[in-house]
Amino acid sequence: MAEKLKIIPLGGLDEIGKNMTVLEYGKDMIVVDCGIGFPDEEMYGVDLVIPDFSYLVKNAAKLRGMFITHGHEDHIGSIPYCMQEVNCPIHGTAMTNGLIKLKLDEHRLSDKVKLVTHKPGDVVKAGCFSVEFIHVNHSIADAVAFAIRTPAGTVVMTGDFKIDPSSTDGMTDLARFGQLGNEGVLALLCDSTNVERQGYTPSENTVAESLDRLFKGCDQRIVVTTFASNMYRIQAVLNTAQRYGRKVAVTGRSMENILKVGQELGYLKVPEGLIVELGTIKNLPKNKIVIVSTGSQGENMSAMYRMAFSTHKQVDIMAGDRIIISASAIPGNEKAISKIINELYRKGAEVVYEKSEGLHVSGHACQEELKIIHALCKPKFFIPIHGEQRHLQIHGKLAVQMGMNRRNVFIAELGNVLELTAKSCKFNGSAPVGMVLVDGYGVGDVGSVVLRDRKHLAQDGMIVVCVNLSGQDGSVITGPDIITRGFIYVKESDELIEEMRQVAMEAIDRCRAKHVRDWSAIKSAIKNDLSGFLYKSTKRNPMILPILMEI
């Protein structure tokens with residue numbers, strides 16, 4: 001039997017983020033992207049969500065390289081965690097590798113992982129695979145798509161992209177996509193994030209025009225918050241500030257990192273003397289200051305949040321400040337952003353945000369741009385990626401409208417193994433997938449049981465029942481003592497606490513009368529009796545932890 005090309009999505013399907021795709025042929029395997037996902041509201045205490053790397057670990061001997069489309073967290077954030085389990089060369093563009101290096105430095109992996117830097121047009125050999133870097137537009141510099149030549153045919157992966165004819169670094173290389181289409185594309189894996197939107201994604205230049213309008217004639221201090229990774233936006237702020245004679249101060253770790261990397265690599269052009277230390281702005285007139293900050297998504301520890309709630313060590317929002325939020329809400333962050341906006345208004349600031357002004361444009365292609373890529377590539381098979389189920393389904397229908405045979409459109413799920421030959425494509429088997437949760441330094445030690453307990457604690461609180469028992473006859477020496485957290489306010493619930501003591505005592509006496517000396521049985525009796533009593537009297541179901549000590 002001839003070998004078949006396997007395409008295995010380990011992340012990025014039925015979800016936004018956590019993008020990761022494996023391509024495997026015979027004894028060779030490559031990975032495209034390695035991103036993080038963000039916890040939802042029921043993942044209490046979880047910091048990050050990363051893919052399950054067990055398939056890579058199992059096939060580590062086959063791994064020839066990791067190829068990264070661009071430097072956003074949902075495409076590079078899991079790299080340090082992955083490189084602790086498997087090690088292979090990482091291939092990316094200069095900006096992408098600059099951001100990856102910051103992450104590797106943080107995890108002390110820089111000396112162990114090989115970073116290889118490429119330019120659009122470069123072709124990299126990795127086992128039987130040949131990977132070509134193709135320039136695309138996105139909301140971060142140095143984004144690329146990949147044309148991956150395999151023994152079965154050419155696979156095109158767009159990465160995150162849009163088509164911006166007025167982009168400062170040149171438009172998406174449509175000519176190359178057209179050439180690939182003429183040569184023959186076996187499969188197209190295409191970004192689906194914005195497939196619900198008709199038309200074209202507006203140019204980044206429209207934001208620069210909006211910023212100019214908001215700076216012009218303003219005699220107050222200006223604070224701009226945006227995605228740290230969007231260097232085009234940051235450059236627009238710098239240019240506008242210089243135009244109106246304002247100095248720029250930067251606050252927020254990720255913003256400072258981007259500024260450092262962007263300047264070192266030449267992606268950010270910063271006029272000498274434009275940027276000043278944050279601590280010096282108190283000596284400047286209000287109409288000569290711009291503060292560029294992180295926190296456009298309402299993150300609790302961000303600089304914008306700390307300024308709004310007066311916990312920032314150097315800056316406090318004052319009445320009259322003009323706050324420009326140059327970003328749209330990532331789904332799920334709407335409440336956090338609204339909370340900050342309300343607090344800013346409470347402080348007397350003027351808040352300008354995306355709903356009322358043209359202050360943000362997407363980095364993802366809308367329907368007409370997607371149609372252009374489909375028309376140019378003319379793929380034999382189509383696999384939509386980067387999106388939730390509705391995005392994937394709508395993109396599949398769009399491909400059919402473009403003339404593709406419905407049988408050649410494959411809506412995959414995480415872990416599905418797609419097997420391709422020059423003439424066929426089918427699902428065959430699955431790989432292990434899932435969410436690995438990162439909580440502090442712990443990776444994977446928070447699972448479904450821990451999350452269930454955290455949810456239970458958050459919803460109903462906890463009761464601890466402490467009892468000292470005699471080691472001779474099992475009689476109660478002291479207790480039961482009742483300790484509660486997140487259930488009731490003890491000082492105002494003396495009667496209920498006393499009733500809980502009685503219920504626990506009766507459970508212990510019943511066990512003693514039956515000569516039960518097994519501690520687990522006594523704990524179960526206390527727990528069951530208390531649980532029934534509390535639900536009947538309060539309609540609540542707190543977590544109950546009996547603690548027995550023998551004296």
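Contact here means that heavy atoms lie within 4.5 Å, and it is in this sense that, in the predicted model described below, helix α10, formed by residues 334–346, lies across the strands β16 (322–326) and β17. The direction of α10 makes an angle of about 150° with that of β17.

The strands β16 and β17 belong to an open sheet of five strands, in which the order is β14-β15-β13-β16-β17 and the pairing is parallel. The edges of this sheet are occupied by β14 (247–251) and β17 (350–353), and because each of these has a single partner strand, one side of each is left without a neighbour in the sheet. On average, and with direction ignored, neighbouring strands of the sheet are turned by 20° against each other. Within the sheet, β13 runs parallel to β15, which comprises residues 289–293, and four bridges join the two strands; in one of the pairings between them, Val-223 has Ile-291 of β15 as its bridge partner.

The loop that leads from β13 (222–226) to α7 (231–243) contains Ser-229. This residue has a relative accessible area of 14%, and since a residue counts as buried when that value is under 20%, Ser-229 is classed as buried. When residues up to four places away in sequence are not counted, Ser-229 touches His-72, Ser-139, Ile-140 and Ile-258. With His-72 there is also a polar contact, in which the side chains of the two residues are joined at 3.0 Å. Met-157, by comparison, stands 72 residues from Ser-229 along the chain, and the C-alpha atoms of these two residues are separated by 22 Å.

A further set of pairings involves strand β3, which spans residues 28–32 and is mostly covered, with five of its five residues buried. In a regular strand the side chains alternate between the two faces of the sheet. In β3, Asp-28, Ile-30 and Val-32 lie on one side, while Met-29 and Val-31 lie on the other, and both faces are covered, as all of these residues are buried.

Strand β3 pairs with β2 (residues 20–25) in the antiparallel sense over five bridges, and Val-22 has Val-31 of β3 as its bridge partner. The hairpin made by β2 and β3 has two residues between the strands, and in this hairpin Gly-26 takes a positive phi near 60°. With β5, formed by residues 63–67, β3 runs parallel and is joined by four bridges, and here Met-29 is placed opposite Leu-63 of β5.

Note on methods
Residues numbered from 1 in each chain as written. Predicted model: local features only at pLDDT ≥ 70, side-chain atom pairs only at ≥ 80, totals over all residues. Heavy atoms only, no water. Buried < 20%, exposed > 50% of the residue type's maximum accessible area, 1.4 Å probe, protein only. Polar contact = N/O pair within 3.5 Å; in protein donor to acceptor, adjacent residues only side chain to side chain. Pairing = 2+ DSSP bridges. Axes fitted to C-alpha atoms, helices over the stretch in contact; angles between N-to-C directions.
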